[in-house]
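Visitor: I have a structure on the screen and would like to learn how to read it. Can we go through it feature by feature?

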Amino acid sequence: MKLLGLSCGRKMENTEVLVKEALMGAEESGAEVGMMRLLELDIKPCTGCTSCAQSLIQGGAGKCVIKDDLHILDEQLMECDGVILGAPVYVLGPPGLLKVICDRFGPSHDVSWRMEAKKIRAAKGKSQDKGPDERSFKTRVAGFISVGGASTPNWLSLGLPLMNLFTFPSHITVVDQMQILATTQYGNVVLNELAIARARRLGRNVAEAMGKPISNVEWRGDEPGTCPLCHSNLLIVTRRNPVECPICGIKGVLKMDGDEITVTFDEEEQKRSRLTLAGKLEHFYEVGGSYEIFMQRKDKDEIPKRLEKYKSYKEIKVR
């Protein structure tokens, strides 16, 4: 079983130290481990060209047309059975590089899109060797490590939740997560014995979950969280129920008893979470429906003419 460590932090600084400590714990449980520094890769932003999505819709492999180092990370992800992702928090959440990677992996690595591409190839009588990578469909698990210099968690509020953007399209199940506060510079986390021990335990938890059927994989984190699926405490709250988990996209009922707040997500809602295959397929067909609506618009051929007035409008030249 192969466990991949990914660090969004600097070389031999706090995030990398904790990821490596987690890998050491995993190695104790028999995992084959390796680590990559994401800052060493040249990964360009997604342009929204939809080439990957269009390829999948036509039964193709869904490869990105941008030429950079993403394929190096992609190959490591396809090979692994588990991931430990560590990221520092600079402004409330993980650094922009992780979001860039999530944008590039989002549509192209969504399991539901890849499953549909396989069906399309089969319906056309085509072989599967040029379709989506078969390794996309194997079970994987993950653990998250969020590292911040602030001494209070409200300055790291998006650190752990946004890491789910990396794992949920590929249908990777998160089994543990940890957040470390008051960790600033120069690798000083090595002096925090509780953090080091917790990282090692996270590594063992991920390693022990690898290879198991998802139905047998249990949440091993310290806190269950408000959402029973992504274990986040974030909620979208309007003036009335239902409230919504912004990560899973499921609705729940919030109740207060004095100062105690409970949120209940019924079984049907949980089944359509973005973390589930059903939730991903719901989005796949939603996108397809939007495209059909667009194609039925009689004025769609007007687009080029109407775009003319925006060409070069007040553009500031940068080169």
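Visitor: Which helices each supply at least two residues of the lining of the largest cavity?

Guide: This is a predicted model. The helices in question are H3 and H5. The lining of the largest cavity is made up of Leu77, Met78, His109, Val111, Arg114, Ser136, Arg140, Ser170 and Ile172.

Visitor: What is the volume of the largest cavity?

Guide: About 50 Å³. The structure holds 1 cavity of 30 Å³ or more.

Visitor: And the largest pocket: what is its volume, and which residues lie nearest its centre?

Guide: The volume of the largest pocket is about 960 Å³. Its lining has 41 residues, and those nearest the centre are Pro107, Asp110, Trp113, His283 and Val287. H2, H4, H5 and H9 are the elements that give two or more residues to that lining. H9 provides the largest share, with 10 residues.

Visitor: H5 has come up twice. How many residues does H5 have, and how far does it reach?

Guide: H5 covers residues 111-123, which is 13 residues, and spans 18 Å from its first C-alpha to its last. The span expected at 1.5 Å a residue is 18 Å, and H5 is close to that. Just after the helix, Gly125 takes a positive phi of about 75°.

Visitor: Which residues of H5 are buried?

Guide: Val111, Ser112, Trp113, Arg114, Glu116, Ala117 and Arg121. Helices H2 (51-57), H3 (70-79) and H9 (277-296) are among the elements that cover them. Two of these buried residues can be placed at the openings already discussed: Trp113 is one of the residues nearest the centre of the largest pocket, and Arg114 is in the lining of the largest cavity.

Visitor: H4 also lines the pocket. Why is H4 described as largely enclosed by the rest of the structure?

Guide: The reading rests on a count: 7 of the 10 residues of H4 are buried, so the helix is largely enclosed. The buried ones are Leu97, Leu98, Val100, Ile101, Cys102, Arg104 and Phe105. Their cover includes H3, S3 and helix H6 (164-167).

Visitor: How many residues does the largest nonpolar core have?

Guide: The largest nonpolar core has 27 residues, and Leu6, Leu38, Ile43, Leu73, Leu85, Ile101 and Phe166 have the most contacts inside it. Elements giving two or more residues to this core are strand S1 (2-7), H3, strand S3 (82-89), helix H4 (96-105), strand S4 (140-148) and strand S5 (172-180). H4 gives the largest share, 6 residues. There is also a second, separate core of 25 residues, which includes Leu3, Val17, Ala26 and Val175.

Visitor: Take Ile43 from the first of those cores. With which residues is Ile43 in contact, leaving aside its neighbours within four places in sequence?

Guide: Ile43 is in contact with Asp68, Asp69, Leu70, Leu73, Leu97, Val100, Ile101 and Arg104. Of these partners, Leu97, Val100, Ile101 and Arg104 are buried residues of H4.

Visitor: What about a charged side chain: is Glu21 buried or exposed?

Guide: Glu21 has a relative accessible area of 13%, and buried means under 20%, so Glu21 is buried. The residue sits in helix H1 (residues 14-28). Beyond its neighbours within four places in sequence, Glu21 is in contact with Ile196, Ala199 and Arg200.

Visitor: Now the strands. What is the order of the open sheet of 3 strands?

Guide: Strands of a sheet pair through backbone hydrogen bonds, either parallel or antiparallel. Here the order is S6-S7-S8, with antiparallel pairing. Strand S6 (243-244) and strand S8 (260-264) each have a single partner strand, so one side of each is left without a neighbour in the sheet.

Visitor: How many bridges join S7 to S8?

Guide: 5 bridges join them, and Met256 stands opposite Ile261 in S8. The hairpin of S7 and S8 has 2 residues between the strands, and Gly258 there takes a positive phi near 70°.

Visitor: And how many bridges pair S6 with S7?

Guide: S6 pairs with strand S7 (residues 251-257) over 2 bridges. Glu244 has Lys251 in S7 as its bridge partner. These two strands form a hairpin with 6 residues between them, and Gly249 in the turn has a positive phi of about 75°.

Note on methods: Residues are numbered from 1 along each chain as its sequence is written. This is a predicted model: local features need pLDDT of at least 70, side-chain atom pairs count only at pLDDT 80 or more; totals for chains, interfaces and linings use all residues. Side-chain values use heavy atoms; hydrogens and water are left out. Two strands pair if DSSP finds at least two bridges between them. Helices (H or I, at least four residues) and strands (E, at least two) are DSSP runs, numbered from the N terminus. The expected span of a helix is 1.5 Å times one less than its number of residues. Buried means under 20% relative accessible area, exposed over 50%, partly exposed in between (1.4 Å probe, protein chains only). Contact means heavy atoms within 4.5 Å. A nonpolar core is a set of buried Ala, Val, Leu, Ile, Met, Phe, Trp, Tyr and Cys residues joined through side-chain atoms within 4.5 Å. On a 1 Å grid over the protein atoms alone, a cavity is a set of points where a 1.4 Å probe fits but cannot get out, and a pocket is an open set with protein on both sides within 12 Å along at least five of seven lines; lining residues have an atom within 4 Å of a point. Grid points are joined across faces, edges and corners, and a volume is the space filled by probe spheres set on the points.
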